[in-house]
Amino acid sequence: MAIDATFWVAVSFVIFFAGLFYLKVPQKINEVLNNLISEIRNEIDESEKLRTEAKTLLDNAQKKLDTAQNVSNEIIEQAKKESDKLIIDLNDKFHRSSEIKKNLAENKIDQMKKAALKEIRDASVKIAVDSVKKIITTSVDSSKLDTLFQKNLDETKEELKKINS
């Protein structure tokens with residue numbers, strides 16, 4: 001049996017692997033690979049947690065944004081309603097005050113007309129009475145004067161009663 005180079009290569013190959021197993025290199029490689037695998041899994045799990053957390057934060061932020069948008073829309077709608085109501089109220093108040101001022105002006109005009117008519121009547125009565133006095137004193141004697149005076153006094157009282165009622 002000749003020992004050739006192939007035999008020695010095979011023996012060295014076996015010794016090499018026996019040395020590797022003796023030094024527990026495959027176990028150490030396995031442990032290193034397992035550690036790398038577990039680190040990669042941890043990183044993947046951590047990144048998955050971060051992704052989930054980011055998605056949750058995004059959803060919360062979106063909900064807050066939607067809520068804020070809804071609240072702002074409600075505030076705007078409420079402000080529009082209040083401004084419309086205020087405009088209507090102010091318009092009603094304006095019309096009421098205009099109506100009141102108009103009525104006051106009409107009443108004042110009526111009072112001024114009545115006062116003017118009363119002044120005219122008073123002046124007419126005074127002029128008539130003065131004229132009658134003058135005519136009576138110049139043309140009538142005292143007995144006719146008393147009768148005429150009484151008659152005119154009664155007529156004047158009747159006319160004043162008609163005017164006042």
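Here a trainee and a mentor talk through a predicted model.

Trainee: Which pattern does the chain follow along the sequence?
Mentor: Happy to start there! The chain has three helices and zero strands. Read from start to end, the pattern is α-α-α.

Trainee: What is the radius of gyration of the chain, and is the chain compact or spread out?
Mentor: For 165 residues the globule rule gives 15 Å, and the chain is well over that, so it is more spread out than a compact globule. The C-alpha atoms fill a box of roughly 200 × 20 × 15 Å along the principal axes. The radius of gyration is 62 Å.

Trainee: What share of the residues is buried?
Mentor: To count as buried, a residue needs under 20% relative accessible area. The chain exposes about 15100 Å², with 63% supplied by carbon and sulfur atoms. Of the 165 residues, the buried ones make up 1%.

Trainee: How far apart are the centres of the positive and negative side chains?
Mentor: Good one to ask. The chain has 28 positive and 28 negative side chains. The centres of these two sets lie apart by 10 Å.

Trainee: How many aromatic pairs are there in the whole structure?
Mentor: One of them joins phenylalanine 7 and tryptophan 8, edge-to-face, at 5.4 Å centre to centre. A search of the whole structure gives a total of three.

Trainee: In which helix do phenylalanine 13 and phenylalanine 17 lie?
Mentor: These two rings pair edge-to-face, 4.4 Å centre to centre with 75° between the planes. They sit four residues apart, about one turn of the helix. Their helix, residues 5-22, is H1.

Key
Residues numbered from 1 in each chain as written. Predicted model: local features only at pLDDT ≥ 70, side-chain atom pairs only at ≥ 80, totals over all residues. Heavy atoms only, no water. Helix = DSSP H or I, 4+ residues; strand = E, 2+ residues; numbered from the N terminus. Rg over C-alpha atoms; globule rule 2.2 N^0.38 Å. Buried < 20%, exposed > 50% of the residue type's maximum accessible area, 1.4 Å probe, protein only. Areas by Shrake-Rupley, 256 points an atom, 1.4 Å probe, with all protein chains shown as cover. Lys, Arg positive; Asp, Glu negative; His and termini not counted. Charge placed at Lys NZ, Arg CZ, Asp CG, Glu CD. Phe/Tyr/Trp six-rings, centres within 6.5 Å; stacked < 30°, edge-to-face > 60°.
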